Amino acid sequence: MRYTDIAIIGGGLAGSTAAAMLGRADISTVLIDPHESYPADFRVEKLSGQEQLGRFSRTGIAESVLRRATFAGENWIARFGRLLDKAPSRQFNILYDSLVNAGRDEIPASVERICAKAMNGMDADKIAAFYADPVKRDCDQWAAAKAFDFRSVSIATSPYWTAQRSARFMAWSSQGLLRRLGGAFHREPNFLGHSSSSSSSSSSSRSSSSPSSSSLPSA
């Protein structure tokens, strides 16, 4: 029987990052996942903002990850067929499988990796207990409500959501005008929040430099 202080089941982003951090701290760890490398996945992730990038830098895997990411230094905010603002941004975009595998590359050799195709012990009662966990249920409800709000602000036709879209149009227009007039508003975050949020705008990103030339904030 293999003994270890910590066994991580699943080597997605959370599992791989945890394994890398624990291994660097010389804590006995085993990572169990069915794949030697994370398979291609039709998902994309972004890392952005001073706070998120600062936290990510402290994981120790940021340098490896950001070398594989595409840096976007500006978000173009468009609504109703009009370009409203070109908001400064510090955003790194990366495919999810590339993100995970970059993190796995940083796992020290001291961490044993087991490629297990099937795991025993997850019977119906354990699965039911997992989905009944109150913290998980609260998180799921919050995420579902947020997703429905995002959809409503894009396509709902009620007076409330129509007014929401009009208000966002005026707000983004004002911010874009102030930015063009002064330049003093080139700061992060913008006063309307993160410019790529689907609840606030339809935006496209334009790269203004490469990841290798960008540095993370100090931890």
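**Group meeting: strands, helices and salt bridges in one chain**

Let me begin with a strand pair, β4 and β5, which run antiparallel to each other and are joined by nine bridges. Before I go further, I should say that what you have in front of you is a predicted model, and I would ask you to keep that in mind for everything that follows.

Staying with this pair, Glu74 has Pro88 of β5 standing opposite. The two strands form a hairpin with two residues between them, and in that hairpin Phe80 adopts a positive phi, near 55°. As for β4 on its own, which spans residues 70–79, seven of its ten residues are buried, and the strand is therefore described as mostly covered.

Let me now step back to the chain as a whole. It contains seven helices and seven strands, and if you read the elements from the N terminus on, the order is β-α-β-β-α-α-β-β-α-β-α-α-α-β. The chain has 219 residues, of which 35% count as buried, and its accessible surface amounts to about 13300 Å², with 57% of that belonging to carbon and sulfur atoms. If we take the contacts between residues at least 6 apart in sequence, 69% of them join residues that are at least 24 apart.

I turn next to the N-terminal part, where strand β1, residues 6–9, pairs with β2 in the parallel sense over four bridges, and where Ile9 stands opposite Ile32 in β2. How many of the five residues of β2 are buried? Five of the five, across residues 29–33, so the strand is largely enclosed by the rest of the structure. Its side chains point two ways, with Thr29, Leu31 and Asp33 on one side and Val30 and Ile32 on the other, and all of these residues are buried.

Helix α2, residues 50–57, gives a different kind of picture. Its buried residues are Leu53, Gly54, Phe56 and Ser57. Why do these four belong to the same side of α2? Because the arc they cover around the axis is only 165°. On the other side of the helix we find Glu51 and Arg55, which are exposed. The cover over the buried residues of α2 includes strand β3 (44–48), helix α3 (62–66) and strand β5 (82–95), so β5, the partner of β4 from the opening, takes part here as well.

Now to the charged side chains, where a search of the whole structure finds nine salt bridges, and I will go through three of them. In the pair of Arg67 and Glu63, the closest N and O atoms are 3.6 Å apart, and both residues are exposed. The pair of Arg179 and Asp85 meets at 2.8 Å, N to O. It links distant parts of the chain, since Arg179 sits in helix α7 (residues 159–181) and Asp85 in strand β5, with their positions 94 residues apart in sequence. Are these two buried or exposed? Arg179 and Asp85 are both buried.

There is also a network, in which salt bridges with shared partners join Asp41, Arg43 and Glu45. Within this network, Arg43 and Asp41 form a salt bridge whose closest N and O atoms are 3.6 Å apart. Arg43 is partly exposed, with a relative accessible area of 36%, and Asp41, at 25% relative accessibility, counts as partly exposed too.

Let me finish with the surface and with the later helices. A nonpolar patch is formed on the surface by Ile127, Phe130 and Tyr131, which together have about 310 Å² of accessible area. Of these, Phe130 is found in helix α5, residues 124–132, and its relative accessibility of 46% places Phe130 in the partly exposed class. Ser154, which lies in helix α6 (residues 134–155), is also partly exposed, at 46% relative accessibility. Ser154 and Arg165 are eleven residues apart in sequence, and their C-alpha atoms are 7.6 Å apart in space.

Key:
Residues are numbered from 1 along each chain as its sequence is written. This is a predicted model: local features need pLDDT of at least 70, side-chain atom pairs count only at pLDDT 80 or more; totals for chains, interfaces and linings use all residues. Side-chain values use heavy atoms; hydrogens and water are left out. Buried means under 20% relative accessible area, exposed over 50%, partly exposed in between (1.4 Å probe, protein chains only). The arc is that of the directions from the helix axis to the C-beta atoms. Contact means heavy atoms within 4.5 Å. Two strands pair if DSSP finds at least two bridges between them. Patches are made of residues with over 30% relative accessible area and no salt bridge: like charges are joined within 9 Å, nonpolar side chains (Val, Leu, Ile, Met, Phe, Trp, Tyr) within 5 Å. Accessible areas come from the Shrake-Rupley method with a 1.4 Å probe; for residues, only the protein chains shown count as cover. A salt bridge is a side-chain nitrogen of Lys or Arg within 4 Å of a carboxyl oxygen of Asp or Glu.
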